[in-house]
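Subject: The structure I promised you

Hi,

Here is the structure we talked about, so please open it and keep it on screen while you read. My notes on what turned up come straight after it.

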Amino acid sequence: MVISALADSLLRGVGSVTDALSAPFSDPVIRLGVTGLSRAGKTVFITSLVANLMDRGRMPQLVAAADGAIRTAYLQPQPDDTVPRFDYEAHLARLTAPEPSWPDGTSRISELRLSLRVQPTGFLAGLSGLRTLHLDIVDYPGEWLLDLGLLDKDFSTWSRETIQRLQTRPGAADFLALLAAIDASAPLDEATAQSLAASFTAYLKSARAAGYSDCTPGRFLLPGDLEGSPVLTFAPLPQTAKPPRGALWRECDRRFESYKRNVVRPFFRDHFARIDRQIVLVDVLGAIHAGPRAVEDLRHAMADILQAFRPGRNAWLTSLFKARRVERILFAATKADHLHHAQHPALTAITAALLREAKDRADFSGAVTQAMSIAALRTTVEDQISHGGETLDVVRGRLLSTGKQAALYPGLLPDDPGRLISPARSGADRWLDADYKVMDFAPAQLSLRPGDGPPHIRLDKAAQFLLGDRL
Ligand SMILES: Nc1nc2c(ncn2[C@@H]2O[C@H](COP(=O)(O)OP(=O)(O)OP(=O)(O)O)[C@@H](O)[C@H]2O)c(=O)[nH]1
Ligand SMILES: [Mg+2]
């Protein structure tokens, strides 16, 4: 407790001293951040990545796996004692069970250390011996990055903007009605604060279910251990002239500030600022399926999320990063196994275009970035069927709902991303010239050969981009 009262900068200072002291005796570490909005595919990605780094038979595009430089990979206790461990074994067991199933949603940060024993090959082979590299993988919700935007706002600005946004969003009617019925300058009554917070949370949930991505404060949707605490018991309120002491408005203002200080800042300080490499998983296909509004909202949410990777914008974040920065950022469209590979380049182009504006505004302080389409766990096989005299490229898999095999033709993605992004920007309600489908497939039953990890699409290429240069 005393420590958390110290200034952020002081804390960072202490951290770097211990890092420096232990550096000569410790092996190199890469901290890989894995993020994305809810259901983007983080848990499946980490599980499959770790399994495929331990059994590297399906990783030909990861050079150090293909040429045998990685000798072994094994799990070790992670360095951070207070962060929950990523439950790799349980997730893998579910995905590879005789009746495989998807992992449950995750609402908090977790971490796993995978250590790699590497023998340099080629020119350096004779000169150096086996060395160890630790890969610390950190799984955290992308929604938490959106909270960075709250740090610049005071309660009245945040309230005004949020209430304005609510007017056009589905599921906000109840909360707006409740707001209309209360007096924000009346003395705080905890039951009122609770019902406002509950109603506001219900709205955030329905906005998210309707495909909206920008649903801050992030912990309202993913409370973890904070559920029910005062720091999550507030809601945006209309500005009132000079709310008296003890008024509901004052107390919500105080809790909003407390949320920033006790929830948002510690996450950025203790976790985010220590990341070296980052993968941002994006369910682009899901948004396209949900329609133009969801695509537009995803574009905005991504731009907001990416602010966090441009610390120059925020003085406080800059002071945390000091000379450090995130070196590589991969933007990966997930669940590419819903598409025949002929359409993967179009999906990658749409992903890059969605991020374009955010990327153009700054270069992420020099980080190397790339867009890619991947499937961490491939659930389908490709096929062609003839339909009305046409040959269609389809994928086949087992439906999650019925367990039956089905063929999916998700629609033809345009080669020019502008054909989706322009109507989304101009506020169209639905796609004019096409219809896009997704189906929920169950994980396929696997019979893995010794040495092979779970099947995937381009996980090896993603790993090469994220870590290849350090192996
Ligand atoms: N077909 C296919 N579906 C996937 C893949 N990865 C994830 N999914 C689907 O996406 C859902 C969410 O995946 P998770 O890995 O749990 O996503 P998450 O980002 O960890 O989700 P939260 O923990 O809720 O934030 C899964 O239940 C699957 O239905 C993939 O590689 N292929
Ligand atoms: Mg998860």
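A backbone N or O atom of G41 sits 3.0 Å from an oxygen atom of ligand 1. Bear in mind that this is a predicted model. Next door in the sequence is K42, and here the side chain is involved: one of its polar atoms lies 2.8 Å from an oxygen atom of ligand 1. Which residue has a side-chain N or O atom 2.9 Å from a nitrogen atom of the ligand? That one is D337. Altogether, 17 residues surround ligand 1, and the closest are R39, K42, T43, V44 and T106.

Now for the sheets. One of them is an open sheet of seven strands with mixed pairing, and if you walk across it you meet the strands in the order 2-3-4-1-5-6-7. Its edges are strand 2 (70–76) and strand 7 (368–373), each of which pairs on one side only. From one strand to the next, the twist averages 20°.

Have a look at the strand 2 end. Strand 2 and strand 3 are antiparallel and share six bridges. If you want a pair to find on screen, try A73, which stands opposite L116 in strand 3. Strand 3 covers residues 110–118, so S110 belongs to it by the DSSP runs used here. Is S110 buried or exposed? It counts as buried, because its relative accessibility is 6% and the cut-off for buried is under 20%. As for its surroundings, beyond its neighbours within four places in sequence S110 is in contact with V83, P84, R85, F86, I137, V138 and D139.

There is also an open sheet of three strands, in the order 8-9-10, with antiparallel pairing. Strand 8 (381–387) and strand 10 (405–408) are the edge strands, so to speak the outer lanes by the pairing rule: each pairs on one side only. Ignoring direction, neighbouring strands in this sheet are turned by 40° against each other on average.

Strand 9 (residues 390–398) and strand 10 run antiparallel and are joined by four bridges. Two pairs to look up are R398 with Q405 and V395 with L408. The hairpin made by these strands has six residues between them, and G403 in that hairpin takes a positive phi near 80°. Strand 10 also shows you two faces: A406 and L408 are on the covered one, while Q405 and A407 are on the uncovered one.

From this sheet it is a short step in my notes to H340, found in the loop between strand 6 (328–333) and helix 15 (344–361). H340 is buried because its relative accessible area is 10%. What does H340 touch, not counting residues up to four places away in sequence? The answer is E382, D383, D393, V394 and V395. With E382 there is a polar contact between the two side chains, at 3.5 Å. You can also compare positions along the chain: H340 and R396 are 56 residues apart in sequence, yet their C-alpha atoms are separated by 9.7 Å.

Next, a helix. Helix 9 (residues 190–209) has 20 residues and reaches 28 Å from its first C-alpha to its last, close to the 28 Å expected at 1.5 Å a residue. Its buried residues are A193, L196, A197, S199, F200, T201, Y203, L204 and A207. While you look at that list, remember that an α-helix has 3.6 residues a turn, so residues three or four places apart point the same way. What covers the buried residues of helix 9? The cover includes helix 7 (155–166), helix 8 (173–181), helix 10 (218–221) and helix 11 (248–270). Just after helix 9 comes G211, with a positive phi of about 100°.

Last stop: S426, in the loop between helix 16 (418–425) and helix 17 (459–467). S426 counts as exposed because its relative accessibility is 61%, and the cut-off for exposed is over 50%. Its C-alpha atom and that of P292 are separated by 9.0 Å, although the two residues are 134 places apart along the chain.

Have fun clicking through it!

Cheers

Key
Residues numbered from 1 in each chain as written. Chains lettered and ligands numbered in written order. Predicted model: local features only at pLDDT ≥ 70, side-chain atom pairs only at ≥ 80, totals over all residues. Heavy atoms only, no water. Axes fitted to C-alpha atoms, helices over the stretch in contact; angles between N-to-C directions. Expected span 1.5 Å × (residues − 1). Buried < 20%, exposed > 50% of the residue type's maximum accessible area, 1.4 Å probe, protein only. Contact = heavy atoms within 4.5 Å. Near = heavy atom within 4 Å. Polar contact = N/O pair within 3.5 Å; in protein donor to acceptor, adjacent residues only side chain to side chain.
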